[in-house]
Amino acid sequence: MSVQIYTPEAFHRQAHDALGNPQIRRNFRKAMDGLMSKRRDVFSDWDLEALRELGANIRLRALAKLPDLLERLEANCQANGIQVHWAENGDEACRIIRELCEARAARAVIKGKSMVSEEMHLNQHLEAAGIEALESDLGEYLVQLNEQTPSHIIMPAIHLNTDEISEILHDKTGTERTRDVDYMTAAARAQLRERFMAADVGISGVNFAVAETGTLCLVENEGNGRMTTTVPPVHIAVTGIEKVVEHLRDVPPLYALLTRSATGQHVTTYFNMISSPRKPGEHDGPEEVHLVLVDNGRSNIYQDNELLDTLRCIRCGACMNHCPVYTRVGGHTYGTTYPGPIGKILMPHMLGLEATKDLPTASSLCGACGEVCPVKIPIPDLLVRLRREAVGEGRGNVPGAGVKRSRKELLAWKGWQWLATHPTVWRGSTMVAGKLRGLTPTKLGPWTEYRTAPKPAKASLHALVKAHQHKDGEGRS
Ligand code: SF4
């Protein structure tokens, strides 16, 4: 599978291509419309605002105590027999997981869905070490077969329609070409089942890590998460350090918000709570459980009292489903692990603003993402903050401040500022501009590709008001 690398040029080209691809637009439109209406319907019997407020407060409390909660999580996991590992970045996390696999002479790994493992390109790292990593979430399995990356954080294969899926399964696994969804699902299930049984190690993500009990919670619909965490002799859970919550009682409200916001479900088919490896006398479960806690830029952001809000995210994907940009261009256009609104505020922390300078500007700032976010992350405000940082001075927490600063633009604004603060010169220039309006160019670069170039007015507002007052005065006399 190829690793997607974001570059501003590729982002522009891919956005252009996606907008001209009616199939992609149809696939996303249909899928996103369905998700939006399901979310609307499932929240109709709840006091949504009260639940969002509760969810936001739980996440804020956890973040306020993050260092302490992480220590409690580590102590309680260890007391339960779960071995805890800390990774400063993605490379270190990959190394830790590879070494854990090598210690068991593992050659086959089965994976449950984990966006953190995508973030650190774990599959490619394991492949390079001769360890085969197979995705077991159906969507992830399909994109892996198709040598792609996920296009949505919850529904990785949402960009594919039934015919495309049938073609992929036929080409890569020899199933019949069909539009029968049950047949395709059963075929994939049969193939995956054999691989679960043969896997040496299972790797999963974590939705919530409970500090007070040392419990890892995993939300899923297909049962592949449960198989991944119970069938192989070793289970490795990998997650970002921000996923910790303080109490077990914090989980139900977050779970209610997550499932409703993500897929419009009251509950998911499976909810797993992993608290230890197999105990003496138990018949199933792994012999070893490991938890790898990944930082990868998160503690940098933790020091910034605005961008810190990004760490509240529970990865529901609702901001993407409601984003007018994401729904038109799809997830692959971004070329980043996290696409859509959350990606535009997460990726600059991870890759720096130099590498992601156009992401925060790829937004209409309509505010839909902030309105639907179940934990009330002020995404539009954070986008504006990153835009400002991209053209100005930063606070040192996001590398690459000022990367979008253009000398021409700066000079133009400085000239404007000088004019606007010198009334006599301003009046003279607007008068001259009004007289020469016929000479105004109609093309002003890419900006006028889809817009009409503005022309100075014949007379300024001041002049019009003055003339009006003069007329009124004459009328009264
Ligand atoms: S930012 Fe909010 S809406 Fe978007 S994925 Fe995270 S929790 Fe969900």
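Colleague: Which residues sit around the ligand?

Modeller: This is a predicted model, and in it the residues around the ligand are Cys313, Ile314, Arg315, Cys316, Gly317, Cys319, Ile342, Cys373, Pro374, Val375, Ile377 and Ile379. What puts a residue there is a heavy atom within 4 Å of the molecule.

Colleague: How does that shell divide into nonpolar, polar and charged?

Modeller: The split is 10 nonpolar, 1 polar and 1 charged. Cys, Ile, Pro and Val count as nonpolar, Gly as polar and Arg as charged, so Gly317 is the polar one and Arg315 the charged one.

Colleague: Why is arginine 315 called buried?

Modeller: Its relative accessibility is 9%. Buried means under 20%, so arginine 315 qualifies.

Colleague: What makes the phi of arginine 315 worth a remark?

Modeller: That phi is near 55°, a positive value in a residue other than glycine. Most residues other than glycine have a negative phi. As for its place, arginine 315 lies in the loop between helix H13 (298-302) and helix H14 (318-321).

Colleague: And what is the phi of lysine 376?

Modeller: Near 55° as well, again positive in a residue other than glycine. Lysine 376 belongs to the loop between helix H18 (368-372) and helix H19 (379-391).

Colleague: Why is lysine 376 called partly exposed?

Modeller: Its relative accessible area is 27%. Buried needs under 20% and exposed over 50%, so lysine 376 falls in between.

Colleague: On to the aromatics. How many pairs does a search of the whole structure find?

Modeller: It finds 5 aromatic pairs. One of them is tyrosine 326 with tyrosine 334, at 6.3 Å centre to centre and 20° between the planes.

Colleague: What makes that tyrosine pair stacked?

Modeller: Pairing needs centres within 6.5 Å, and stacking needs planes under 30 degrees apart. With 6.3 Å and 20°, tyrosine 326 and tyrosine 334 pass on both counts, so the pair is stacked. Both tyrosines are buried, and they belong to one aromatic cluster with Phe11 and Phe28.

Colleague: Then why is the pair of tryptophan 416 and tryptophan 426 called edge-to-face?

Modeller: The ring centres are 5.6 Å apart and the planes stand at 85°. Edge-to-face starts over 60 degrees, so the label fits. Tryptophan 416 comes from helix H20 (residues 407-420) and tryptophan 426 from helix H21 (residues 423-435), 10 residues apart.

Colleague: Is tryptophan 426 buried, exposed or partly exposed?

Modeller: Partly exposed, on account of a relative accessibility of 29%.

Colleague: Now helix H4. How do you know that its span is close to the expected one?

Modeller: H4 (residues 66-80) has 15 residues and reaches 21 Å from its first C-alpha to its last. At 1.5 Å a residue, 21 Å is also what you'd expect.

Colleague: What makes you say that the buried residues of H4 line one face?

Modeller: The buried ones are Leu66, Leu69, Leu70, Leu73 and Cys77. Looking down the axis of H4, its buried residues fall within an arc of 100°, so they line one face of the helix. The face turned away from that buried side carries Glu71 and Ala79, which are exposed. After H4 comes glycine 81, with a positive phi near 100°.

Colleague: Why is histidine 470 called exposed?

Modeller: Its relative accessibility is 53%. The cut-off is over 50%, so histidine 470 counts as exposed. Histidine 470 is in helix H22 (residues 461-476), and its C-alpha is 84 Å from that of glutamine 83.

Colleague: And why does leucine 351 count as partly exposed?

Modeller: Leucine 351 has 45% relative accessibility. Exposed means over 50%, so 45% leaves leucine 351 partly exposed. You'll find leucine 351 in helix H16 (residues 340-351).

Colleague: Zooming out, how is the protein divided into domains?

Modeller: Into domain 1 (1-45 + 312-404), domain 2 (47-142 + 196-296) and domain 3 (407-476). The centres of domain 1 and domain 3 are 36 Å apart over C-alpha atoms. The protein has 22 helices and 10 strands, and its C-alpha atoms fill a box of roughly 105 × 55 × 45 Å along the principal axes.

Definitions and conventions. Residues are numbered from 1 along each chain as its sequence is written. This is a predicted model: local features need pLDDT of at least 70, side-chain atom pairs count only at pLDDT 80 or more; totals for chains, interfaces and linings use all residues. Side-chain values use heavy atoms; hydrogens and water are left out. Domain bounds come from an automatic or database domain assignment. Rings of Phe, Tyr and Trp (its six-membered ring) pair if their centres lie within 6.5 Å; planes under 30 degrees apart count as stacked, over 60 as edge-to-face and the rest as tilted. Buried means under 20% relative accessible area, exposed over 50%, partly exposed in between (1.4 Å probe, protein chains only). Helices (H or I, at least four residues) and strands (E, at least two) are DSSP runs, numbered from the N terminus. The expected span of a helix is 1.5 Å times one less than its number of residues. The arc is that of the directions from the helix axis to the C-beta atoms.
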